[in-house]
Amino acid sequence: MTMEIIPASPAGIEKIAADMKAEGRRLVVITCTAAAEEYDITYSFDKDNDLVHYRITVPEETVIPSIGASYGGAFVYENEIHDLYGFTFTGMTLDFGGTFIRTSVPYPFKKKETPAPTVTKVSREDAS
Amino acid sequence: MTGRRTVVPFGPQHPVLPEPIHLDLVIEDEHVVEAIPSIGYVHRGLESLVDRREYADFVYLAERICGICSFTHSSTFCQGVEGLMGIEIPERANYLRTMWGEYSRIHSHLLWLGLFADALGFESLFYNAWKIRESILNELEATTGGRVIQGVCKVGGVRRDVTNEFLSGMDKRLETIESEMQEMVNVFLNDYTLKKRLIGKGILKPDDAYNLGAVGPVARGSGLAQDVRTSEYLAYQDVGFKPVTADGCDGYARCEVRCKELFQSVDIIHKIIAAMPDGEVAVPVKGNPDGEYFSRSEQPRGEVVHYLRGNGTKYLTQFRVRTPTLTNVPSLVAMLAGAELADVPQIVLTIDPCIGCMER
Amino acid sequence: MKMLKIILKQFTHKPVTTTFPAEPARHFDATRGHVVLDPSKCTSCTICMKRCPSQAITVDRATKTWTIDRFRCVICSQCVELCKFGAVSLATEYSTSATPSERGTETFSITYVKPERPKKDVETGK
């Protein structure tokens with residue numbers, strides 16, 4: 001499981017996905033994580049247990065082209081990233097418009113504006 | 001023949017669903033034209049807890065992502081942290097992890113077979129499957145201390161050792177369990193009623209399975225030999241692993257894969273016990289994880305990916321999990337298109353949905 | 001029809017289930033049942049409170065109490081491994097069902113920690 005991550009740009013991700021598909025690779029996961037200032041979106045493709053990662057680093061609320069044209073299964077990850085982090089994907093094969101994961105806090109994993117709820121501690125009064 | 005299209009909501013509360021998932025089924029004359037899934041009923045945001053717990057403590061939380069594949073979650077998380085810190089775990093710990101991983105696979109598959117039989121209205125088979133599962137849970141409890149949440153993995157190895165005498169006793173008991181399973185699987189694969197309800201239902205073609213990213217028994221039921229256990233992880237290379245596949249591409253094929261995997265897992269456990277090396281079960285861990293890592297392993301339901309990122313402190317900064325059920329949702333949508341309304345419950349079950357796991 | 005053999009077998013066998021309250025539930029030596037504290041060994045070092053993954057343990061140094069919320073505790077036995085004094089241990093029986101108000105939290109009130117110091121003095125005195 002090598003950990004080589006190839007940087008990419010949001011505009012070029014569709015082409016990368018098409019190339020990966022032509023190579024016969026399978027989409028494993030699209031991972032979105034908060035980095036220092038921006039967000040990292042990592043696309044992982046697999047063939048015979050060999051993982052290839054492509055990463056785009058984008059600021060909040062960027063519009064990213066969907067790779068749904070190449071991988072029909074990408075819509076679950078893209079909708080999830082939209083619902084949890086607030087990115088917009090264009091051209092998803094199935095667009096839920098923010099209702100895929102219904103959370104009480106909008107975009108719970110987004111950094112600044114709406115911080116994720118802190119650890120809840122059940123008070124004695126509630127318990128009894 | 002085209003009638004008016006109606007939308008039938010399926011779930012989140014439905015007798016076949018142990019956990020909430022909602023499907024909007026677009027129906028035309030009893031045939032499903034399209035299925036639109038929506039999740040989010042049990043989203044817990046567990047991943048964001050990672051920066052509030054030390055990495056050594058988070059193992060217990062990672063284990064609780066899912067109640068059934070709990071062991072694999074903890075071992076994958078530990079594997080990830082060990083990969084970040086460059087820790088080599090002792091051979092014996094590796095073998096024990098493999099053994100428990102296979103035990104949890106057997107118990108998960110038996111649970112699924114039981115639930116599946118129940119969904120088809122075959123209650124005596126359901127009880128039988130769960131009866132056998134109980135003896136597997138007994139083995140797990142006697143070795144790890146927990147029935148479904150084993151809590152036995154830690155960063156650097158495992159927390160409990162199993163004596164060699166106990167292992168040889170286990171070897172014998174497994175033979176009894178195997179013969180019981182043989183009887184039960186015979187019913188699953190050869191019963192007239194079950195065959196009638198499964199063969200040709202919920203078709204997922206190999207190409208579709210590959211493009212939609214199906215993993216685990218769903219992919220293997222469509223003839224794809226896709227299994228993370230074929231890669232270098234745990235002790236699978238030492239025991240010689242070959243994935244089970246079936247070519248039916250339907251519900252029966254997926255059921256067949258799981259049935260055959262029961263015996264394959266028993267086989268692996270026999271080999272593991274025979275080849276169990278002696279020595280320590282854990283190494284002391286010093287330092288903190290730094291960098292990022294993708295850790296993969298094969299759960300009963302398919303491939304799981306844990307993404308970890310550390311910054312050199314006790315707390316990991318990012319943790320993301322991709323569970324097999326989430327990846328199998330597009331395949332489920334493909335399977336449901338064209339199915340009959342009456343078959344929908346059992347088609348949904350053939351992907352072995354685990355919603356708690358899927359949403360974390 | 002394939003099932004018939006298995007079903008008929010059940011007539012000659014004992015039931016697999018146990019009648020729980022009448023018969024005690026089975027458990028193994030390794031079973032993690034519930035956490036117990038030996039109040040005579042606890043030094044209120046609070047490591048169990050700090051490292052509890054589910055925040056079930058509260059140690060109050062001022063009032064000398066060690067409280068465990070049984071409904072939060074996940075019996076991971078982390079506290080058992082971390083305790084340097086062997087004060088926390090695991091019992092193999094599962095804790096019986098209860099309502100939160102009835103037996104949700106359990107407080108081990110007195111922690112006999114004091115005798116540590118004079119004993120050392122006596123030793124050095126000798």
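Is C249(B) buried or exposed? Keep that question in mind as you look through these close-up views of a predicted model.

**View 1. C249(B) sits in a loop of chain B.** Start with the stretch that links α9 (236-239) to α10 (251-274) in chain B, where you will find C249(B). The relative accessibility of C249(B) is 11%, and because buried means under 20%, C249(B) counts as buried. Its backbone is worth a look too: C249(B) has a positive phi of about 60°, although it is not a glycine.

**View 2. K64(C) also has a positive phi without being a glycine.** Here the angle is about 55°. To find K64(C), follow chain C to the loop between β2 (57-60) and β3 (65-69). With a relative accessible area of 29%, K64(C) is partly exposed.

**View 3. P53(C) is a buried loop residue with neighbours in chains B and C.** Look in chain C between α2 (47-51) and β2, where a loop holds P53(C). At 4% relative accessibility, this proline counts as buried. What does P53(C) touch, leaving out residues up to four places away in sequence? From chain B come R53(B), D57(B), Y60(B) and L61(B), and from chain C come C76(C) and Q78(C). To get a feeling for distance, find G33(C): P53(C) and G33(C) are 20 residues apart in sequence and 17 Å apart in space, C-alpha to C-alpha.

**View 4. Helices α3(B) and α4(B) cross in chain B.** Two packed helices are described by the angle between their axes and the distance between the axes. The axes of α3(B) and α4(B), the latter spanning residues 123-144, come within 8 Å and cross at roughly 160°. An angle over 145 degrees counts as roughly antiparallel, so α3(B) and α4(B) are roughly antiparallel to each other. Their crossing is left-handed. Where α3(B) meets α4(B), the contact residues divide into 15 nonpolar, four polar and four charged.

**View 5. The largest nonpolar core has 151 residues.** Which of them touch the most other members? They are I41(A), Y43(A), F87(A), M99(B), M184(B) and F188(B). Helix α3 of chain B (residues 91-119) gives this core its largest share, 12 residues. Apart from it lies another core, of 16 residues, including C48(C), C52(C), I57(C) and C83(C).

**View 6. M184(B) has contacts in chains B and C.** Not counting residues up to four places away in sequence, M184(B) touches L110(B), L113(B), L125(B), N128(B), A129(B), I132(B) and L262(B) in chain B, along with I6(C) in chain C.

Key: Residues are numbered from 1 along each chain as its sequence is written. Chains are lettered from A and ligands numbered from 1 in the order in which they are written. This is a predicted model: local features need pLDDT of at least 70, side-chain atom pairs count only at pLDDT 80 or more; totals for chains, interfaces and linings use all residues. Side-chain values use heavy atoms; hydrogens and water are left out. A nonpolar core is a set of buried Ala, Val, Leu, Ile, Met, Phe, Trp, Tyr and Cys residues joined through side-chain atoms within 4.5 Å. Buried means under 20% relative accessible area, exposed over 50%, partly exposed in between (1.4 Å probe, protein chains only). Helices (H or I, at least four residues) and strands (E, at least two) are DSSP runs, numbered from the N terminus. Contact means heavy atoms within 4.5 Å. Axes are lines fitted to C-alpha atoms, for helices over the stretch in contact, and angles run from 0 to 180 degrees between N-to-C directions. Angles under 35 degrees count as roughly parallel, over 145 as roughly antiparallel, 65 to 115 as roughly perpendicular and the rest as oblique. A crossing is left-handed if the near helix is turned anticlockwise from the far one by less than a right angle, and right-handed if clockwise. Ala, Val, Leu, Ile, Met, Phe, Trp, Tyr, Cys and Pro count as nonpolar, Asp, Glu, Lys and Arg as charged, and the others, Gly among them, as polar.
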